[in-house]
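Open the model in your viewer and keep the selection panel at hand. Each stop below names what to pick and what you will find there.

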Amino acid sequence: MKIIGTGSALPSLAVTNNDLASFLDTSDEWITERTGIKERRLLSTETLYDLAEEAALKALKASGLRGDQLDFIICSNVANRFITPGMNCILQEKIGAKCAGLDINVACAGFINALMLADSMMQAGRAQHILIICAEEPSKYCNWDERDTSILFADGAGAVVLAAGDGFKSVHLSMTSNKDVLYYERCMEKTPFEKNRKEGQPLVMRGREVFRMAVSQSTKDLKVALAEAGLKPSDVTYYLMHQANKRIIESVRTLLDEPEEKFPTNIEKYGNTSSASIPILLDEMLAAGKIHKGDILAMSAFGAGFVSAACVMQWMY
Ligand code: ACO
């Protein structure tokens, strides 16, 4: 399987750390030093579906395919306004597709899990062309009265079109049931029968534990995925890491003993866009002409679950 087109879309509203410090007990200095984030894009006038559609249409255009030539759509999303139908159904018509699809929720590791699913479908002969759309609006489930999570998360969408063929070399997925470190509990409708009803609550995060698990799991996953691909860390051209915190990326880089220039970031501009962060970064790197045929890309992501995933691919065009 290979990627034949990418696209991304971000909200028009840029919110700086100083903007946040005007209503939260925080500062540009603290956020920059602890996370690497300077500003983020947050949904204001657009909807998440607008971003998802824009990213998908750009990826289709780059691939040279029309929507009706797709065999399947996979959407990665943690939460959006519609619990049902799935985001893939909402987007199908907007992008001119006719095929079936599904939504997955593997938190911030959704993109790599979607790649794994797409690769498995292609290997089974069920599809030749698959569109993955990662579209996330975590700003809608953070608590904006608190500084814990609202300074980190941001909105955005990234998409890739995949075709059968060579390129995807290995994937490694991990999961440990550990809900309490990071969760968003949605409020369901009232029924006349339920006893002891619990209200929902915005995103809860134990930042230090998430940080620790992310660094150790990401390093392990990358080593396993590289070994499965028959490669060494030094063979990698770029490590495309989930943009969660610049210090997490820096810690993984140090543990792998790899140079800084192999770990591109855009968290400074966009914050943590959950499962959309890697496809947005990939799209930006391609637009900047930084990725070339034959390059080895290693990707790693982690998130609520606790889940993590890494994969290795060779760039084919
Ligand atoms: N502004 C100013 N001060 C703050 C803020 C803030 N936004 N948040 C916490 N502080 C204060 C704390 O109260 C504490 O003060 P004290 O020393 O007086 O007690 C001090 O700063 C240090 O707080 P810590 O929580 O220990 O700070 P830490 O260095 O761990 O940074 C952070 C917090 C940025 C959340 C970090 O733990 C982190 O990034 N963790 C990983 C989070 C993450 O990546 N989540 C998403 C991954 S999964 C996914 O993407 C879904």
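**Stop one: the second largest pocket**

Keep in mind that this model is predicted. Start at the second largest pocket, which holds about 430 Å³ of space. Select Val-78, Asn-105, Tyr-183, Tyr-184 and Ala-304; of the 20 lining residues, these lie nearest the pocket's centre. Now pick strand β9, residues 182-185. With four residues, β9 gives the most to this lining. Colour the lining by class: 14 residues are nonpolar, three are polar and three are charged.

**Stop two: the largest pocket**

How much space lies in the largest pocket? About 630 Å³. The lining counts 27 residues. Select Trp-30, Leu-152, Met-205, Gly-207 and Asn-245, the closest of them to the centre. Next, show the elements that give two or more residues to this lining: α2 (28-35), α6 (207-228), α7 (246-256) and β12 (296-303). By class, the lining of the largest pocket has 13 nonpolar, eight polar and six charged residues.

**Stop three: the sheet**

β12 leads on to the next view. Select β8, β13, β12 and β11, in that order: these four strands form an open sheet with mixed pairing. Which strands stand at the edges? They are β8 (168-175) and β11 (238-241). Each has a single partner strand, so one side of each is left without a neighbour in the sheet. Ignoring direction, neighbouring strands here are turned by 10° against each other on average.

Zoom in on β8 and β13 (residues 307-314). They pair in the antiparallel sense over seven bridges. For one such contact point, pick Leu-173; its bridge partner in β13 is Ala-309.

Now add helix α5, residues 110-123. α5 lies across β8, β12 and β13. Its direction runs at about 125° to β8.

**Stop four: the cavity**

Finish with the enclosed space. The structure holds one cavity of 30 Å³ or more. The largest cavity has a volume of about 50 Å³. To frame it, select Met-1, Lys-2, Ile-3, Gly-167, Phe-168, Met-313, Gln-314, Trp-315 and Met-316, which line it. Which elements each supply at least two residues of this lining? β1 (2-9) and β13 do. The classes of the cavity lining come out as six nonpolar, two polar and one charged.

Key: Residues are numbered from 1 along each chain as its sequence is written. This is a predicted model: local features need pLDDT of at least 70, side-chain atom pairs count only at pLDDT 80 or more; totals for chains, interfaces and linings use all residues. Side-chain values use heavy atoms; hydrogens and water are left out. On a 1 Å grid over the protein atoms alone, a cavity is a set of points where a 1.4 Å probe fits but cannot get out, and a pocket is an open set with protein on both sides within 12 Å along at least five of seven lines; lining residues have an atom within 4 Å of a point. Grid points are joined across faces, edges and corners, and a volume is the space filled by probe spheres set on the points. Ala, Val, Leu, Ile, Met, Phe, Trp, Tyr, Cys and Pro count as nonpolar, Asp, Glu, Lys and Arg as charged, and the others, Gly among them, as polar. Two strands pair if DSSP finds at least two bridges between them. Axes are lines fitted to C-alpha atoms, for helices over the stretch in contact, and angles run from 0 to 180 degrees between N-to-C directions. Contact means heavy atoms within 4.5 Å.
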